[in-house]
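Biologist: I would like to go through this model with you, one feature at a time. Could you take me through the reasoning behind each answer as well as the result?

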Amino acid sequence: MTQTLHTPPQTAAAHHQRPFIRDPGRWEKESSRALRTGHVRDSTCSAACQPVLVHERTSWGWLAWTVLADGTLPEVPHQIGVLTPSATRTQLLALRWLTRRPAQRIALYTVPGSLRFSAAAVALITVTAGLLATRHGVPIDVALPTMLLAPLLAEHLPGRMDARADEHVRKVEGVNACRYLQRLATLHTSLVQAAAGSDRYELRRFAEVGHNLLWDAAGPLRTHDTRSASENLITRERLMLQLVDQVTQIIERTAREDAVDADQPREPGRPLGSYPPVFRRTTPHSMPSAPPLKGTVLMPQPQPSPAVRTPGVYLLFAHEPYYPGPGTQEINTTVVAADSLLHPQVRQPDGTRIHDLLTQGRQPSEIIPLATLTHELGGGDDWPTVGDWERVTTDLLQLVRSGDCDALSLGLSEIARALVCTGPHSHVRLYDATADGFIDYGPPERAAVLAEVDAFLARLVTEQDLWPGDGLLAPLARPA
């Protein structure tokens, strides 16, 4: 089966197809230095020839270009390095260390090999300092080891540091492998630039996913050519193209919304939130009423019969915050497919009963907050007749974190999280010290939160729905 891949945005087409596209003067400077101090690759180069590389650093790694003898710009990098995702400060320093300028070496004609210029300089300095020290009374058995050890460290320590830094980077070489990874890097750069110019969580998350795709693709490319790893590489490229396409849609939609907002006078007010999902900064009181949205009962609308079980429903529940990894966004709310309640690792029969309640009389693909179920159960008075929702949601979160089911993990702002934890007709009041008064958030703001979650989930499940897990139990039997 063939699938059509979307064309990437034109703004991303030029990135990394030539060295230093956004700073041509930098290439002129670096290539001139290489012409003066290094070897220029030409037709006489053998396979063992090691040309001087000009490194173009990026947020995710580097592209190393060679200077061609005819003065033309290289089309394919000689080497591409991908830094591990979610890199620490130490690992970022390792990236700068690996992309430093090549060390100058001094040829030794009496013995084979060469010596680093820095090692020779250190040797000269330490010998001079050692002789002066001995003249001033420093014992020779102290000065001599220092004079010998310092040049050795200057010669061999950089190699050890290179090996240690290489543990955090995957390097790809070879024309075919670099050409493929260069294409992925071109797409990923558009994600990085979109995230850098926006505070939307979706865009930052897409950039993080793109970095992970680069890292995963660099793995097989280090030991396999593109043909032997073609199936996995095509899958990753398709995912990257989908990310770029979704980012383009988000940017276009945001531009249209901003144009509409610019035509309408608005009062300054406290934003609904600045964390994922990121909502447009609007004043709660002036926010237009949203149409009927998932998990809300804002106006009468036709509903399926309560006796009919609706497939494709989702459960949204808040929980104690956690961090998936170092330096990652806080996760405090999760959306799972309703059928995950039927997983054998979830407390039963409580999960099955909540599943039955969750899927009665709903709309297809509807997101139901746990607080909506509480509202429908007499404000929570009837939960004991259904099941232990706290134990069930704890088990669901454990399933998500162990990878036994799919989920949409969110880091909602304080107000957004409070709104989805209240009933569809409840209000949340927040004291604004600037205005010395309270701001009221109610059903329209709750609807806006759910609309953002719905939009993000819809993009996530465009091709494949959330996987509820394996070995699911049968739902409760419904009377005929």
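Biologist: Is Asp 350 buried or exposed, and what is its relative accessible area?

Modeller: This is a predicted model, and the class is set by a cut-off, with buried meaning under 20% relative accessible area. Asp 350 falls in the buried class, with a relative accessible area of 8%.

Biologist: With which residue does Arg 347 form a salt bridge?

Modeller: Side chains of opposite charge can pair when their charged atoms come close. Arg 347 is itself partly exposed, at 32% relative accessibility. The closest N and O atoms of the pair are 3.3 Å apart, and the partner of Arg 347 in this salt bridge is Asp 350.

Biologist: Which residue follows Gln 348 across a cis peptide bond?

Modeller: Most residues other than glycine have a negative phi, and most peptide bonds are trans. Here the bond that starts from Gln 348 is cis, with omega near 10 degrees. The residue on its far side lies in the loop between strand 8 (331-337) and helix 8 (350-358), and it counts as partly exposed at 41% relative accessibility. That residue is Pro 349.

Biologist: What is the phi of Ser 365, and where does the residue lie?

Modeller: Ser 365 lies in the loop between helix 8 and strand 9 (367-369), where it counts as partly exposed at 35% relative accessibility. Its phi is positive although the residue is not a glycine, with a value near 65 degrees.

Biologist: How far is Arg 446 from the nearest side chain of opposite charge?

Modeller: Arg 446 has its place in helix 13 (residues 443-460), and a polar atom of its side chain lies 3.0 Å from the backbone oxygen of Thr 422. A salt bridge would need a nitrogen within 4 Å of a carboxyl oxygen, and Arg 446, although buried, has none. The nearest side chain of opposite charge, that of Glu 366, is away by 8.9 Å.

Biologist: Which residue forms a salt bridge with Asp 395?

Modeller: Asp 395 is buried, with a relative accessible area of 13%, whereas its partner is partly exposed at 41%. The two residues both lie in helix 11 (residues 389-401), four residues apart, about one turn of the helix. With the closest N and O atoms 3.6 Å apart, the partner is Arg 391.

Biologist: How are helix 5 and helix 6 oriented to each other?

Modeller: Helix 5 (residues 175-196) and helix 6 (residues 201-223) pack with their axes 8 Å apart, at an angle of about 170 degrees, and helix 5 passes helix 6 in a left-handed crossing. Angles over 145 degrees count as roughly antiparallel. The two helices are therefore roughly antiparallel.

How values were computed. Residues are numbered from 1 along each chain as its sequence is written. This is a predicted model: local features need pLDDT of at least 70, side-chain atom pairs count only at pLDDT 80 or more; totals for chains, interfaces and linings use all residues. Side-chain values use heavy atoms; hydrogens and water are left out. Buried means under 20% relative accessible area, exposed over 50%, partly exposed in between (1.4 Å probe, protein chains only). Lys and Arg count as positive and Asp and Glu as negative; His and the chain ends are not counted. A polar contact is a pair of N or O atoms within 3.5 Å; within protein, one must be able to donate a hydrogen and the other to accept it, and residues adjacent in sequence count only if both atoms are side-chain atoms. Axes are lines fitted to C-alpha atoms, for helices over the stretch in contact, and angles run from 0 to 180 degrees between N-to-C directions. Angles under 35 degrees count as roughly parallel, over 145 as roughly antiparallel, 65 to 115 as roughly perpendicular and the rest as oblique. A crossing is left-handed if the near helix is turned anticlockwise from the far one by less than a right angle, and right-handed if clockwise.
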